[in-house]
Amino acid sequence: MTVQYFKDILSHLATLTSGTQWEGHLLCVGGCCRDMILGEEIKDVDMVVDLPEGGIRFVQWLGDGDLLEGNPQLFPEFGTTKFHLRAFPETELECVNTRKEAYPDFHSRNPVTGFGTLEEDCMRRDLTVNSLYIRVSDSVVVDPCGHGLDDIRGKVIRCTAEPGKSLYEDPLRILRTARFAARLGWDIEPLTLEAMKSLHSRLMILTPARVRGEIEKILLDRDPVRGLSILRESGAIPEIFPEILPDREEDWAGSMGILGSLDHRDPERAWAAFLWQLHDPSRVGAMLERMGYSQKMKGRVVLLLSELRTLRSSGEITHSSVRRLHSRCRSEEAFLSLMALGLAEEKTFPLPDGQGSICRTILSMTGKMKEEGSTLFDYRSPLDGDEVMRLMGLPPGKKVKECMDFLFDLCCENPLRTEEEFISALRKMTFDA
């Protein structure tokens, strides 16, 4: 949402709560405050009420006044609720009471929480730039830790609490610190960076899903190369990805070059670029499976890297070889992802002088094939197995497969043949001895 739209929501809430028990106690917090100050697009609106059970009680009050669109989602065990205002039905808001945290189990990043003051709520947050509040009643920015506004002005990323304590208690903050430094292009405060370097071994307590979520956000953010490089400098990369060896500078540079050269990044392309340095698609598949990705996602990334390895050694580019590539990719979407990675690889590792771009040649040929309807992204044999057995008088077995392979070869040469032409060619084929 735009900053103005966000301000309109605040103004509406200020009017609703004026003269009520909520006036002065309802505040926005976190990323929406930071992004409003920076003048950037706002993604989420998170709010707190500095009263016991304030989040749920406030939203129940809104509901009693018929001010909500639909029913709110209540999570009493966390004191959290999600809701939509009738005046802004398309925007989901989240509200909770202010909290304090304690970490009694050093093997877990999950804290014990309870109602806390605004200052305690602030000090449990990860970074100063994410620890600002806006009081809804008068739109005043509140900076309980005393560093948030100064760090935004100075373009500094800093832990809200003492870095050693903060990162030890929740090592996910190591990944988040790198992510925000990359997103904003700001420097990490020296004590925070030193704590990242000394505490990276704490990352071992994180679940694969938590790691995956933060790394994927870095991969898809504004400057993934900077974010990943910060993590590598801190020692976090070999901790969470033991398959990536820290001393393989050329491999790391290759992956970062490809990742940074992608014109468009989605999860599949971004992971393929990042894991290019492993060179072995089977190791990539094992890593993605360990991180909890679906078989579909794992298969797509492995396919991209397997085909990427063959592009430069594919020999002469013919219509048949391009159609075979279409068939292996199975979809135009996967093919275009492969071409994007190939172009990024060509930019990172320039081809010899005088050799034209392999990917641009394939893309050009594919464009002409699309115009005439001769691509093979969704290959279907012109004759199925039953038809082949009937036409050739064959029982199920090896010879039927030879016939199906023969038909595929014919399609790769020219899929626009008529069915009669396919049948005529099939009847003339000879079988392997």
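**Ring pairs and pockets in a predicted model**

Let's start in helix α13, residues 267–274: W271 and F274 both sit there, three residues apart, which is about one turn of the helix. Keep in mind that this is a predicted model.

Now, the geometry. W271 and F274 make an aromatic pair of the tilted kind. Centre to centre, the rings are 6.0 Å apart, with 55° between the planes. Are W271 and F274 buried or exposed? Both are buried.

Next pair: Y379 and F408. The ring centres lie 5.0 Å apart and the planes stand at 80°, so this pair is edge-to-face. Where do the partners come from? Y379 is in the loop between α18 (358–372) and α19 (385–392). F408 is in helix α20, residues 398–413. The pair therefore ties together parts that are 29 residues apart in sequence. On burial, Y379 has 24% relative accessibility and counts as partly exposed. F408 has a relative accessible area of 18%, and it is buried. The cut-off for buried is under 20%.

How many aromatic pairs does the structure hold? The count is 12. Back to W271 and F274 for a moment. Ring pairs link them with F241, W252 and Y293 into a cluster.

Y293 also has a charge over its ring. The charged end of R212 sits there, 5.0 Å from the ring centre. There is another such contact at Y168. Over that ring sits the charged end of R202, 3.9 Å from the centre.

On to the pockets. The largest has a volume of about 1,700 Å³. It is lined by 49 residues. Which are closest to its centre? D46, R99, R124, R125 and R176. Several elements give two or more residues to this lining. Among them are the helices α2 (31–38), α7 (172–184) and α9 (208–220). Strands contribute too, including β2 (45–49) and β5 (88–97). By class, the lining has 23 charged, 16 nonpolar and 10 polar residues.

The second largest pocket has a volume of about 240 Å³. Its lining has 13 residues. S261, D263, L343, A344 and R360 are the closest to the centre. Which helix gives the most to this lining? That is α17, residues 332–348, with six residues. By class, the second lining divides into five charged, five nonpolar and three polar residues.

To recap: a tilted pair within α13, an edge-to-face pair between a loop and α20, and a largest pocket with 23 charged residues in its lining.

Definitions and conventions. Residues are numbered from 1 along each chain as its sequence is written. This is a predicted model: local features need pLDDT of at least 70, side-chain atom pairs count only at pLDDT 80 or more; totals for chains, interfaces and linings use all residues. Side-chain values use heavy atoms; hydrogens and water are left out. Rings of Phe, Tyr and Trp (its six-membered ring) pair if their centres lie within 6.5 Å; planes under 30 degrees apart count as stacked, over 60 as edge-to-face and the rest as tilted. Helices (H or I, at least four residues) and strands (E, at least two) are DSSP runs, numbered from the N terminus. Buried means under 20% relative accessible area, exposed over 50%, partly exposed in between (1.4 Å probe, protein chains only). A charge sits over a ring if NZ of Lys or CZ of Arg is within 6 Å of the ring centre and within 35 degrees of the ring normal. On a 1 Å grid over the protein atoms alone, a cavity is a set of points where a 1.4 Å probe fits but cannot get out, and a pocket is an open set with protein on both sides within 12 Å along at least five of seven lines; lining residues have an atom within 4 Å of a point. Grid points are joined across faces, edges and corners, and a volume is the space filled by probe spheres set on the points. Ala, Val, Leu, Ile, Met, Phe, Trp, Tyr, Cys and Pro count as nonpolar, Asp, Glu, Lys and Arg as charged, and the others, Gly among them, as polar.
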